[in-house]
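Please take a moment with the sequence and the model that follow, and then read on for a guided walk through some of the features they contain.

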Amino acid sequence: MSHITQAKRVVVKVGTSTLTYETGRLNLRRVEELCKVLCGLQNEGREVVLVTSGAVGVGMGKLGLHKHPEEIEQRQAIAAVGQCELMFMYDKFFGEYNHTVAQVLLTKDVVQDTVTKRNVENTFQTLLQRGIIPVVNENDSVATDELAGKNFGDNDTLSATVATLTEADLLVILTDIDGLYSSDPRKDPKAQRIPYVYGITDEIRALAGGAGSDRGTGGMATKVTAACIANDAGIPCVVMSGANPRDLYDLFDGVVLGTTFLPLGAEN
Ligand SMILES: Nc1ncnc2c1ncn2[C@@H]1O[C@H](COP(=O)(O)OP(=O)(O)O)[C@@H](O)[C@H]1O
Ligand SMILES: N[C@@H](CCC(=O)OP(=O)(O)O)C(=O)O
């Protein structure tokens, strides 16, 4: 699958359910492994952009909270605590393998305005040219557009936006399940994994349900939306399990993992 093996610029998105234990505390072993593998991919000549969730989840863990507060301002404040911890950890782990990270926090309006969009595109280009790994999250402490509902924001869609902004060759979404199934496997034991999707249709969208845990936000539905945004920009998208970050090496060696969403006309 040359779309994957030959991808040079790769956006990798990791969800809260992959980064944390049920307590909300960081799964350090997994996060360290993920950072090491991303450094390995960077060393082989790829350019990696990491889109990370976890600010709210990690903030809750750090503050000893077990239930998502209803109030938006509480969640914004918790995210501010968690984002700090997340970046401290990424800086440390990537630094151990001699790589520099940069924090980029985005809101929807940034990419809707031509001037701020160009600014952030320039920032990404400059970071990547310098071999720096951008670590991106939604700017949860200032974003209010997506806070009205229960969802705090949607980093799946954000990752697709980042893939288009950076003109990436591939988007990889790491989650707590190994791809898109014919229905939510947590509810349907007969659900079967779908290895390839060539062009996202309404039937495919209808298969994808909501989050599988209290820590996840958008479920498979937002991942399919993200894949659609990426595919519309000509960028293939893989949704796969983040449980064993070393699987990324297999992916780039050509092993078929998770679900690969390919734009129509990009079948080989
Ligand atoms: N058709 C489907 N195929 C696979 N997973 C699905 C499907 N429908 C709903 N899901 C749920 O989506 C969850 C992954 O999304 P989410 O919990 O938001 O994780 P993350 O934190 O990685 O974004 C899975 O654990 C699963 O329960
Ligand atoms: N920006 C939020 C993440 C929102 C989100 O989409 O979470 P997830 O479903 O775990 O990818 C945070 O950092 O907590």
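Which residues of α4 are buried? In this structure, which is a predicted model, they are A55, V56, G57, V58, G59, M60 and G61. Helix α4 spans residues 55-63 and is mostly covered, with 7 of its 9 residues buried. The elements that cover these buried residues include α2 (16-19), α5 and β4. Just after α4 comes G64, which takes a positive phi of about 70°.

The sheet gives a frame on which the other parts can be placed. It is an open sheet of 8 strands with mixed pairing, and the order of its strands is β3-β4-β2-β1-β5-β7-β8-β6. At its edges stand β3 (101-106) and β6 (196-198), each of which pairs on one side only. Averaged over the sheet and with direction ignored, neighbouring strands are turned by 20° against each other. One of the pairings joins strand β1 (residues 9-14) to strand β2 (residues 47-52), and these two run in the parallel sense over 6 bridges. Within that pairing, V11 stands opposite V49 in β2. Helix α7 (residues 114-129) packs on the sheet, where it touches β1, β2, β3 and β4 (133-138), and its direction makes about 165° with that of β3.

Further along the strand order, the reader comes to strand β7 (residues 237-241), which is mostly covered, since 5 of its 5 residues are buried. Strand β7 is joined to strand β5 (residues 170-175) by 5 bridges, and the two run parallel; here the bridge partner of I173 is V239 in β7. With strand β8 (residues 259-262), by contrast, β7 pairs in the antiparallel sense, over 3 bridges. V239 appears in this pairing too, standing opposite T259 in β8, so that a reader who looks for V239 in the model can follow the chain of partners from I173 to T259.Two helix pairs are worth following next. How far apart are the axes of helix α3 and helix α5? The axes of helix α3 (residues 28-43) and helix α5 (residues 72-96) lie 9 Å apart, and the helices pack at an angle of about 50°. An angle between 35 and 65 degrees falls outside both the roughly parallel and the roughly perpendicular ranges, and α3 and α5 are therefore oblique to each other. Their crossing is right-handed. On the side of α3 the contact is made by L28, V31, E32, C35, L38 and C39, and on the side of α5 by M89, Y90, F93, F94 and E96. Sorted by class, this contact of α3 with α5 has 9 nonpolar residues, no polar ones and 2 charged ones.

The other pair is formed by helix α8 (residues 155-165) and helix α10 (residues 219-232), whose axes come within 8 Å and cross at roughly 15°. That angle makes α8 roughly parallel to α10, given that angles under 35 degrees count as roughly parallel. The crossing of α8 and α10 is right-handed. From α8 the contact draws on D156, T157, A160 and T164, and from α10 on G219, T222, K223, T225, A226, I229 and A230. The residues of this contact of α8 with α10 divide into 4 nonpolar, 5 polar and 2 charged.

Some single residues in the loops complete the walk. N98 has its place in the loop between α5 and β3, and its phi is near 70°, a positive value in a residue other than glycine. With a relative accessibility of 71%, N98 counts as exposed. E167, in the loop between α8 and β5, likewise has a positive phi, of about 50°, although it is not a glycine. Is E167 buried or exposed? E167 is exposed, because its relative accessible area is 61%, and exposed means over 50%.

P185 is found in the loop between β5 and β6. With a relative accessible area of 30%, P185 is partly exposed. Leaving aside residues up to four places away in sequence, P185 touches I177 and A191. From P185 to V238 the separation is 53 residues in sequence and 18 Å in space, taken from C-alpha to C-alpha.

Technical notes
Residues numbered from 1 in each chain as written. Chains lettered and ligands numbered in written order. Predicted model: local features only at pLDDT ≥ 70, side-chain atom pairs only at ≥ 80, totals over all residues. Heavy atoms only, no water. Axes fitted to C-alpha atoms, helices over the stretch in contact; angles between N-to-C directions. Helix = DSSP H or I, 4+ residues; strand = E, 2+ residues; numbered from the N terminus. Parallel < 35°, antiparallel > 145°, perpendicular 65-115°, else oblique. Left-handed = near helix turned anticlockwise from the far one by under 90°. Contact = heavy atoms within 4.5 Å. Nonpolar A, V, L, I, M, F, W, Y, C, P; charged D, E, K, R; others polar. Buried < 20%, exposed > 50% of the residue type's maximum accessible area, 1.4 Å probe, protein only. Pairing = 2+ DSSP bridges.
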